[in-house]
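Biologist: I'd like to learn how to read a model like this one. Could you walk me through it, feature by feature?
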Amino acid sequence: PDRERLFESVWTLDPGAVRSASRTCASVAAGSGVGEASTIIDGLAPPVASMGGSSSAASRLFLRVVSYMEQGLLR
């Protein structure tokens, strides 16, 4: 049943890793016949800019999301 399924996930705020994962997902979609995926792939072609944010801000965001999950606010 849907409520018993388990999923793996990866968390990163690194712009390069996010861009790479986005390209991979768009490529899989394109390979599955999703026509709009080629537009997304084209949009992901330019180099990614450096984020320059603080690690403490990223940590606070991560902890907030985990807290929401523990409280059952995200499903």
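Biologist: Let's start with Glu-4: does it count as buried or exposed?

Modeller: Keep in mind that this is a predicted model. Exposed means over 50% relative accessible area. Glu-4 comes in at 61%, so it counts as exposed. You'll find Glu-4 in the segment before α1, the helix of residues 15–31.

Biologist: How far apart are Glu-4 and Gly-43 in space?

Modeller: Sequence and space are two separate readings. Glu-4 and Gly-43 sit 39 residues apart in sequence, and their C-alpha atoms are 36 Å apart.

Biologist: How many salt bridges does the structure hold?

Modeller: Just one. To call one, look for a side-chain nitrogen of Lys or Arg within 4 Å of a carboxyl oxygen of Asp or Glu. Here Arg-5 pairs with Asp-2, with 3.6 Å between the closest N and O atoms. Both Arg-5 and Asp-2 are exposed.

Biologist: What span should α3 have, residue by residue?

Modeller: Count 1.5 Å a residue: the 16 residues of α3 should span 22 Å, and its end C-alpha atoms are 22 Å apart, so the two agree. Just after α3, Gly-72 has a positive phi of about 80°.

Biologist: And Phe-62, where does that lie?

Modeller: Phe-62 is in α3, which covers residues 55–70. Its relative accessibility is 35%, so Phe-62 counts as partly exposed.

Biologist: Which residues make the nonpolar surface patch?

Modeller: Phe-62 makes it together with Trp-11, Leu-13, Leu-61 and Leu-63, and the patch comes to about 440 Å².

Notes
Residues are numbered from 1 along each chain as its sequence is written. This is a predicted model: local features need pLDDT of at least 70, side-chain atom pairs count only at pLDDT 80 or more; totals for chains, interfaces and linings use all residues. Side-chain values use heavy atoms; hydrogens and water are left out. Patches are made of residues with over 30% relative accessible area and no salt bridge: like charges are joined within 9 Å, nonpolar side chains (Val, Leu, Ile, Met, Phe, Trp, Tyr) within 5 Å. Accessible areas come from the Shrake-Rupley method with a 1.4 Å probe; for residues, only the protein chains shown count as cover. Helices (H or I, at least four residues) and strands (E, at least two) are DSSP runs, numbered from the N terminus. Buried means under 20% relative accessible area, exposed over 50%, partly exposed in between (1.4 Å probe, protein chains only). The expected span of a helix is 1.5 Å times one less than its number of residues.
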